[in-house]
Amino acid sequence: MMIGILASCTACGSETPPVPVEESTQEETDNIVSSSKETPVLESEENSDTQELKLDHTYVTQFGTVNAVSYPCFLFDYPENWTITKEEVSQTDETVVLTNERGSTITYTYIGGVAEGQLGSGSATDMTRIELSAVADSQFIPGYEDLGKFVVAETKITGTMDMLTDSDFVDTDGAVSFAVLPENRTGTEETTDLPLRVQNTFWYSGYVSFTAQAPDGQFTEAEQTEVIAILSSFRVEDN
């Protein structure tokens with residue numbers, strides 16, 4: 001079942017008058033000319049550095065509404081250059097995918113109809129070592145379950161192991177992703193291979209995940225800034 005959603009939207013400059021130059025030595029005049037040439041460059045750089053990231057749009061999840069059941073709505077904000085490319089709601093699950101021009105994705109997933117602790121075990125032979133580190137605070141505050149403080153976590157694959165041939169993890173400089181997770185999940189995890197949306201879930205009367213992936217496993221600097229801001233905005237709707 002596909003559903004449509006909402007959006008909302010939201011620029012300046014100043015100029016410094018030239019300083020009058022009186023009679024002076026040639027050296028003083030050269031210094032003033034040099035200074036006046038440099039000023040516009042510095043002004044431009046300052047404006048660029050302070051350009052604000054605007055999260056103009058807000059998405060509200062729809063599982064409870066579509067199925068006419070009592071389940072919280074989650075919200076997240078995103079900028080103009082990201083687009084909702086997938087919205088699916090079934091009787092047990094919900095998936096929303098946000099995509100940018102390069103193909104990086106942010107995915108919200110709700111998986112219902114599965115008892116806590118029974119989500120799946122992943123590959124029987126392949127294992128992954130993952131380093132999870134907090135990179136920003138999360139706006140998500142659990143409304144009815146004490147899950148502790150949430151953060152935006154960077155997750156990086158640092159080792160792999162084929163249990164049929166390897167006796168230990170083989171170090172690797174692997175893919176980077178991001179997820180909204182309880183702070184107590186940060187650290188090192190050794191796990192069987194699972195899809196990111198399944199691996200980085202938390203229990204909230206069903207399994208919930210809000211994760212970001214890049215097509216090549218690495219985000220550009222601009223993408224990383226946007227992804228962290230979007231994930232940090234994830235929250236539960238006030239009732």
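A residue counts as buried when its relative accessible area is under 20%, as exposed when that area is over 50%, and as partly exposed in between. On this scale R102, at 34% relative accessibility, is partly exposed. The structure discussed here is a predicted model, and the scale of burial will serve as a guide through it.

R102 is a suitable place to begin. Its side chain meets that of E223 in a salt bridge, with a distance of 2.8 Å from N to O. This pair links distant parts of the chain: R102 belongs to the loop between strand 4 (93–99) and strand 5, while E223 lies in helix 4 (residues 221–232), and the two are 121 residues apart. The partner of R102 has a relative accessible area of 5%, so E223 is buried. D216 also takes part, for R102, D216 and E223 are linked in a network of salt bridges. In general, side chains of opposite charge can pair when their charged atoms come close.

The count of salt bridges comes to seven. One of them joins D77 and R235, whose closest N and O atoms are 3.2 Å apart. D77 lies in strand 2 (residues 74–78) and R235 in strand 13 (residues 235–236), so this salt bridge ties together parts that are 158 residues apart in sequence. D77 has a relative accessibility of 13% and therefore counts as buried. Another salt bridge is formed by R185 and E189, with 2.6 Å between the closest N and O atoms. E189, with a relative accessible area of 16%, is buried.

The strand that holds D77 leads to a sheet. Three strands form an open sheet in the order 1-2-13, and their pairing is antiparallel. Strand 1 (57–60) and strand 13 stand at the edges with a single partner strand each, so one side of each is left without a neighbour in the sheet. Four bridges join strand 1 to strand 2 in the antiparallel sense. Within this pairing, T58 has D77 of strand 2 as its bridge partner. D77 thus appears both in a bridge with T58 and in a salt bridge with R235.

Attention now turns to strand 12. Six of the seven residues of strand 12 (residues 207–213) are buried, so this strand is largely enclosed by the rest of the structure. Which strands pair with strand 12? Strand 5 (residues 105–111) pairs with strand 12 in the antiparallel sense over seven bridges. Strand 9 (residues 176–182) also runs antiparallel to strand 12, and two bridges join them. Strand 11 (residues 202–203) pairs with strand 12 over two bridges, again in the antiparallel sense.

Individual residues show how these pairings are arranged. T211 in strand 12 stands opposite T107, and T211 is also the bridge partner of A179. Elsewhere in strand 12, Y207 stands opposite W203. Strand 11 and strand 12 form a hairpin with three residues between them, and S205 in the turn has a positive phi of about 55 degrees.

Strand 12 also contributes to the nonpolar interior. In soluble globular proteins, nonpolar side chains tend to be buried together. Here the largest nonpolar core has 32 residues, and those with the most contacts inside it are F74, I106, V208, F210, L231 and F234. Strand 2, strand 4, strand 5, strand 7 (150–162), strand 9, strand 12 and helix 4 each give two or more residues to this core. Helix 4 supplies the largest share, four residues. Beyond its neighbours within four places in sequence, F234 is in contact with several residues, including F74, F140, F202, V208 and F210. Apart from this core lies another, of six residues, among them L132, V151, A179 and L181.

Aromatic rings provide a final view of the interior. There are 21 aromatic pairs by count. The rings of F140 and F202 have centres 5.5 Å apart and planes at 40 degrees, so this pair is tilted. F140 lies in the loop between strand 6 (126–137) and strand 7, and F202 in strand 11, 62 residues apart. Both F140 and F202 are buried. The rings of F140 and F234 have centres 5.6 Å apart and planes at 50 degrees, so this pair is tilted as well. F234 is in the loop between helix 4 and strand 13, 94 residues apart from F140 in sequence. F140 and F234 are both buried.

Methods
Residues are numbered from 1 along each chain as its sequence is written. This is a predicted model: local features need pLDDT of at least 70, side-chain atom pairs count only at pLDDT 80 or more; totals for chains, interfaces and linings use all residues. Side-chain values use heavy atoms; hydrogens and water are left out. Buried means under 20% relative accessible area, exposed over 50%, partly exposed in between (1.4 Å probe, protein chains only). Two strands pair if DSSP finds at least two bridges between them. A salt bridge is a side-chain nitrogen of Lys or Arg within 4 Å of a carboxyl oxygen of Asp or Glu. A nonpolar core is a set of buried Ala, Val, Leu, Ile, Met, Phe, Trp, Tyr and Cys residues joined through side-chain atoms within 4.5 Å. Contact means heavy atoms within 4.5 Å. Rings of Phe, Tyr and Trp (its six-membered ring) pair if their centres lie within 6.5 Å; planes under 30 degrees apart count as stacked, over 60 as edge-to-face and the rest as tilted.
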